[in-house]
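Let's take a walk through a protein model together. Keep the viewer open as you read, and turn the structure whenever a new residue comes up.

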Amino acid sequence: MMKFSKLLLTIFSCIVLNNAAFAQKKPRQIILILADDLGWKDVGFNGSRYYHTPVLDSLAKQSMVFTHAYANASNCAPSRACLMSGAYAPRHGVFTVSPPDRGDARSRKLVPSPNEDFLSPQLKTLGRVFQEAGFKTAVMGKWHIGEDPTQQGFDVHKGGGRMGHPKSYFSPYGMKYLADGPEGEELTDRITQESIRFMQENRTNDFFLYIPQFAIHTPLQGKENLVEKYKKLPPRDGQGTSPAYAALVENLDQNVGKLLAAVKSLRLENPLIVFSSDNGGIANLSRQWPLRAGKGSYYEGGLRVPLLVNNAGVKPGVSDVPTLLFDLFPTLCAWAKVPLPTSQPIDGVSFLDVWQGKPRPNLYERSLFFHFPFYLEAYRMGGDDSRDDFFRTRPGSVVIKKNWKLHHYLEDDAYELYDMNNDPGERIDLASEQPEKREELVAILNKWRTEVSAPVPAELNPAYDPEFVPRPKKRNK
């Protein structure tokens with residue numbers, strides 16, 4: 001009897017150990033969806049009453065939604081470079097989409113700093129980190145920070161390489177890394193199809209699937225039925241000036257639905273799904289009220305982005321903890337139990353505890369930094385709600401600390417200070433009324449710029465004419 005009991009105990013132990021080993025072998029699967037130029041308020045779950053985003057709105061109810069999520073930059077390439085490297089822009093040198101001296105030379109007082117177009121191959125991308133950990137990796141869509149992402153850590157790439165936007169949203173696409181589909185095939189649909197194919201082929205593998213859709217970047221080309229739908233809807237809250245823009249938003253939402261349906265039909269085991277955007281929306285096409293301005297500006301409308309995280313291990317709800325997109329780098333690694341690279345600085349912070357619903361009060365104390373030593377001319381003079389009518393952004397830096405936000409403009413060494421709790425639209429400049437708070441943030445900003453060797457342009461532009469007034473631009477259609 002004793003021998004039989006020992007035999008049963010041995011068998012039971014083996015079953016338990018085998019089940020534990022099996023549980024540990026469940027694939028780690030990450031789906032990171034990044035929209036292009038989708039504003040913070042271009043989705044229903046952040047307050048839009050114009051765009052129809054039912055899939056994302058439903059997903060948000062099952063996810064952790066971050067109300068104070070920030071892109072690391074207010075335009076495409078630097079935001080993506082920070083996300084993929086986990087580091088602030090001065091670390092890798094990708095500050096803008098070249099050229100850095102946009103706008104009429106007579107309007108630019110300073111000579112911009114040097115700029116890198118692409119992320120250095122010396123830096124390990126998020127894809128490379130997962131690839132080295134044995135994950136299958138893919139990027140489906142817009143890369144923009146290098147020529148070929150298969151040389152930067154991704155096994156599969158279907159998309160545009162160095163392209164910042166598509167030539168057309170309808171096939172033929174004319175892309176180097178994406179074969180044309182049937183005439184009239186829609187690009188967002190195609191990228192989703194390629195993503196689902198990758199999921200099918202790797203449904204039992206660890207994988208990192210990065211889906212940086214081109215939508216809703218220009219050219220503004222929507223599906224005809226959706227464009228006609230929005231032509232019949234009256235604008236609301238400063239949104240609705242472009243039916244094609246709205247059509248791109250809704251079609252993007254529908255494609256997120258296709259991805260979620262594929263996750264279910266393929267019976268993927270508890271993948272981590274993250275959705276966000278690379279920067280704010282284009283202000284004169286889609287207002288982000290109460291946030292000020294839009295893409296290209298370092299007011300909130302250019303920096304704040306939608307962000308939701310969905311997984312069985314993520315506690316659904318709403319978080320107001322301020323986070324930057326490059327925080328995803330260490331957080332995804334922590335979630336997947338993949339070590340961070342030791343060969344490069346990682347400025348992002350893991351939010352895994354926050355995702356799991358655990359308090360992290362110290363994260364409210366963290367300072368967030370932005371640095372843009374370049375020029376971005378206005379989309380439409382007077383239509384971008386920026387500091388002046390001529391530029392969305394002039395050279396400068398920004399620091400956010402708790403509820404305070406400081407802008408430093410390098411041309412005239414001027415400061416703007418805003419209390420974000422009471423003035424989220426950044427309309428009431430308190431720099432003169434709150435000198436102690438201003439100087440506190442100036443000291444924090446200067447210390448950071450020194451630590452990361454941020455370039456500060458000081459050379460005067462010989463073509464600059466302080467009396468020059470640019471001609472008004474025609475409104476974008």
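The paragraphs below go from overall confidence to the cores, a helix, its cysteines, and some backbone details.

Start with how far to trust the picture. This is a predicted model, and the protein chain has a mean pLDDT of 92, with 94% of its residues reaching 70 or more. One stretch needs caution: over residues 7–23, pLDDT stays under 50, and the model has 0 contacts there beyond four places in sequence. Where pLDDT is low, the predicted coordinates should not be read in detail. You can leave residues 7–23, with their pLDDT under 50, out of your close reading.

Now look inside. In soluble globular proteins, nonpolar side chains tend to be buried together. Here the largest nonpolar core holds 47 residues, and those touching the most other members are Ile31, Leu38, Leu187, Met199, Leu209, Phe275 and Leu308. Several helices and strands give two or more residues to this core, including β1 (29–35), α2 (54–61), β4 (136–141), α6 (187–201) and α8 (243–265). The largest share, 9 residues, comes from α8. Another core lies apart from this one; it has 43 residues, among them Leu34, Trp143, Phe208 and Leu325.

To get a feel for the largest core, click on Leu308. Setting aside residues up to four places away in sequence, Leu308 touches Phe45, Leu56, Leu59, Ala60, Ser63, Met64, Val65, Ile273, Val274 and Phe275. Then follow α8 from end to end: this helix has 23 residues and reaches 33 Å from its first C-alpha to its last, close to the 33 Å expected at 1.5 Å a residue. After α8 comes Arg267, with a positive phi near 55°.

Next, move to α3 (76–85), just after the loop that holds Ser74. How many of the residues of α3 are buried? The count is 10 of 10, so the helix is mostly covered, and these buried residues include Cys76, Arg80, Cys82 and Met84. Among the elements covering them are β1, α4 (89–92), α5 (126–132), β6 and α10 (328–336). Gly86 follows α3 and has a positive phi, near 75°.

Ser74 itself, in the loop between β3 (69–70) and α3, counts as buried because its relative accessibility is 0%. Beyond its neighbours within four places in sequence, Ser74 is in contact with Asn279, Lys295, Gly296, Ser297, Tyr298, Gly302, Leu303 and Thr393. With one of these, the link includes polar atoms: a polar atom of the Ser74 side chain lies 3.5 Å from the backbone oxygen of Ser297.

Since α3 carries cysteines, which include Cys76 and Cys82, you may wonder about disulfides. A disulfide is a covalent bond between the sulfur atoms of two cysteines. How many disulfides does a search of the whole structure find? It finds 0. Why does Cys82 not form one? Its closest cysteine sulfur, in Cys76, is 13 Å away, which is too far for a bond. Cys333 is in a similar position: the closest cysteine sulfur to its own is in Cys82, 16 Å away, again too far for a bond. Cys82 is buried, at 1% relative accessibility, and Cys333 is buried with a relative accessible area of 1%.

Another buried spot is Gly159, in strand β5 (residues 156–159). Its relative accessible area is 0%, so Gly159 counts as buried. Leaving out residues up to four places away in sequence, Gly159 touches Gly141, Met175, Tyr177 and Leu178.

Finish with the backbone. The peptide bond from Ala215 to Ile216 is cis, with omega near 20°, and Ile216 sits in the loop between β6 and α7 (224–231). Pro219 lies in the loop between β6 and α7 too, and a cis peptide bond with omega of about 5° joins Thr218 to Pro219.

Further along, Lys402 has a positive phi of about 55° although it is not a glycine. Lys402 lies in the loop between β14 (396–401) and β15 (404–409), and its 49% relative accessibility makes it partly exposed. Asp413 is not a glycine either, yet its phi is positive, near 50°. You will find Asp413 in the loop between β15 and β16 (414–419).

Technical notes: Residues numbered from 1 in each chain as written. Predicted model: local features only at pLDDT ≥ 70, side-chain atom pairs only at ≥ 80, totals over all residues. Heavy atoms only, no water. Helix = DSSP H or I, 4+ residues; strand = E, 2+ residues; numbered from the N terminus. Buried < 20%, exposed > 50% of the residue type's maximum accessible area, 1.4 Å probe, protein only. Polar contact = N/O pair within 3.5 Å; in protein donor to acceptor, adjacent residues only side chain to side chain. Contact = heavy atoms within 4.5 Å. Core = buried A, V, L, I, M, F, W, Y, C linked by side-chain atoms within 4.5 Å. pLDDT = per-residue confidence, 0-100. Expected span 1.5 Å × (residues − 1). Disulfide = S-S within 2.5 Å.
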